[in-house]
Amino acid sequence: MEQKSCEVKEYNPFEHRKIEKPNSTIGTLIHLVKGTLGTGILSMPLAFRNGGFAFGIIGTVVCGVIYAHCVFLLVSTSRKACRRSHVPMLGYTETVENVFIHGPRGAKKYTVFARRCTDIQLLLNSYLLICVYLVFIGNTLRDIVNHDYQLEWDTRVFIFLAAVPLIFTTQIRELKYLVPFSAIANAMIITAIGITMFYILKEPISLEKRNMWPAWNTLPAFIGTVMYALLGIEYVLPNENKMKRPEHMLGNCGVVNVAVCFITALYTVVGALGYAQYGEHTKGSVTLNLPANEALAKSTQLLTITAIILSTGLINYVPTDIVWRKIQHKIEPKRRNFAQIAFRFGMLVLLTAIAVGVPELEPFVGLTGSISGGSLVVIIPAVIDTVFRWPNDFGEMNWMLLKNVVILIFGVLVLGIGTYFSVVDIIEIYK
């Protein structure tokens with residue numbers, strides 16, 4: 001008797017995604033570039049000051065390659081988790097939870113811990129970024145106002161003033177109202193970068209008296225600053241989940257590789273030229289090096305400040321959504337509106353207090369890059385890829401496992417040593 005074999009078609013999550021207005025491949029590429037391309041690019045000359053000119057170029061490219069690979073690990077693992085669980089799409093935290101809950105027996109008991117750690121890292125990333133922005137605005141306003149009006153006001157005064165417009169932008173709850181602000185902010189940042197490059201190239205550039213290689217105590221600051229500039233991995237899965245052709249996300253000429261190559265090249269050029277021009281006088285944001293008495297240079301600083309104010313609401317959206325979903329059921333429905341207003345305002349007050357306590361931009365940039373870059377960008381993607389593949393899916397001679405271990409070591413070093421040196425720099429401020 002002839003037996004008939006019945007093939008079961010593998011679940012394809014792409015076929016089950018119901019998206020009203022999917023993004024094109026080009027549109028997703030633009031969104032991914034915009035998600036990564038922020039004020040971090042203005043800190044790249046600082047990274048080169050800490051890393052040296054030659055090492056800065058090499059190190060930025062290496063960090064870009066690691067970032068691209070970790071994004072690949074995150075997206076590919078999320079897709080495999082979707083196929084295994086027969087769900088159309090998963091977010092960052094949901095991917096981590098799914099991998100652990102369906103993983104090896106030893107990993108299942110850490111599911112809640114892994115989810116909470118991921119949520120905490122997303123919270124820290126967004127809230128630290130807001131602190132960096134407050135310090136940046138405070139330093140920029142100090143330079144402009146004190147120079148124009150011959151004042152000697154402390155940076156902390158301007159940080160308090162910077163928090164005032166954020167009271168309103170951080171109260172916006174609907175994402176659809178925040179997107180237009182983000183689009184305007186991106187246009188302003190691009191304009192500011194263009195003007196900044198004009199000033200960098202305006203005077204002759206020389207590598208005389210420029211360090212080529214880093215000192216041992218400035219290397220962590222270099223890596224932390226580059227990782228801060230590359231932050232944007234939390235936007236990858238939301239963009240991939242809304243693609244019309246999600247199969248174009250990965251691959252040699254996929255959206256991720258094209259976006260990261262463009263970003264890495266742009267960051268390398270801005271960082272190298274900015275450091276070559278300003279040397280050891282390079283500040284936390286290269287816009288602070290521009291002439292304070294020229295209107296065009298001042299417009300760059302004002303454009304950047306306005307862009308930050310407009311984009312803060314979108315940055316605040318993710319952590320507020322995470323926390324509010326966990327606490328709203330404990331509040332009476334009639335009091336939830338007031339409670340959410342109070343929560344958003346209270347968090348802004350807390351973040352402003354932290355920024356006022358540490359009004360220096362450089363250590364804050366390194367701290368944010370070390371904590372968020374080390375965990376969200378490097379450690380978590382490598383961990384979930386390892387857990388998903390365990391125990392027999394690591395290729396010949398377990399080379400994938402060895403590769404993931406190397407990535408994990410790098411991530412732990414970025415997180416541990418980078419955070420330590422950033423905290424030391426912050427402590428030095430008060431000595």
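Start by selecting C131 and its surroundings: leaving aside neighbours within four places in sequence, C131 is in contact with L351, I354, A355 and F364, where contact means heavy atoms within 4.5 Å. You are looking at a predicted model, in which local features need pLDDT of at least 70, side-chain atom pairs count only at pLDDT 80 or more, and totals for chains, interfaces and linings use all residues. Residues are numbered from 1 along each chain as its sequence is written, and side-chain values use heavy atoms, with hydrogens and water left out.

Now show the helix around it. C131 sits in helix α6, residues 111-149; helices here are DSSP runs of H or I with at least four residues, numbered from the N terminus. Is C131 buried or exposed? C131 counts as buried because its relative accessibility is 1%; buried means under 20% relative accessible area, exposed over 50%, and partly exposed in between, with a 1.4 Å probe and protein chains only. For a distance check, pick the C-alpha atoms of C131 and A215: they are 28 Å apart, with the two positions 84 residues apart along the chain.

**Next: α6 against α13**

Add helix α13, residues 336-357, whose axis comes within 9 Å of that of α6 and crosses it at roughly 60°. The axes are lines fitted to C-alpha atoms, for helices over the stretch in contact, and angles run from 0 to 180 degrees between N-to-C directions. That angle makes α6 oblique to α13, since under 35 degrees counts as roughly parallel, over 145 as roughly antiparallel, 65 to 115 as roughly perpendicular and the rest as oblique. The crossing is right-handed, meaning that the near helix is turned clockwise from the far one by less than a right angle; anticlockwise would be left-handed.

Colour the side chains where they meet: Y127, I130, C131, L134 and V135 come from α6, and F343, M347, L351, T352, I354 and A355 from α13. By class, this contact has 10 nonpolar residues, one polar and no charged. Ala, Val, Leu, Ile, Met, Phe, Trp, Tyr, Cys and Pro count as nonpolar, Asp, Glu, Lys and Arg as charged, and the others, Gly among them, as polar.

**Then: the core**

Which residues have the most contacts inside the largest nonpolar core? Select Y92, L134, I137, I233, M249, Y267 and F364, out of 115 residues in that core. α6 gives the most to this core, with 16 residues. A nonpolar core is a set of buried Ala, Val, Leu, Ile, Met, Phe, Trp, Tyr and Cys residues joined through side-chain atoms within 4.5 Å. Centre on I233 and, beyond its neighbours within four places in sequence, you will find contacts that include Y67, C70, Y92 and L376.

**Another helix pair: α3 and α4**

Move to helices α3 (residues 53-85) and α4 (residues 92-101), whose axes come within 10 Å and cross at roughly 60°. Here the crossing is left-handed. The α3 side of the contact is L74, T77, S78, A81, R84 and S85, and the α4 side is Y92, T95, N98 and V99. These divide into four nonpolar, five polar and one charged.

**Last stop: backbone details**

Most residues other than glycine have a negative phi, and most peptide bonds are trans. Select W390 and P391: the peptide bond joining them is cis, with omega near 5°. P391 belongs to the loop between α14 (361-389) and α15 (399-429). N398, in the loop between α14 and α15, has a positive phi near 55°. Finish at K209, whose phi is near 65°; K209 counts as exposed because its relative accessibility is 75%.

How values were computed
Helices (H or I, at least four residues) and strands (E, at least two) are DSSP runs, numbered from the N terminus.
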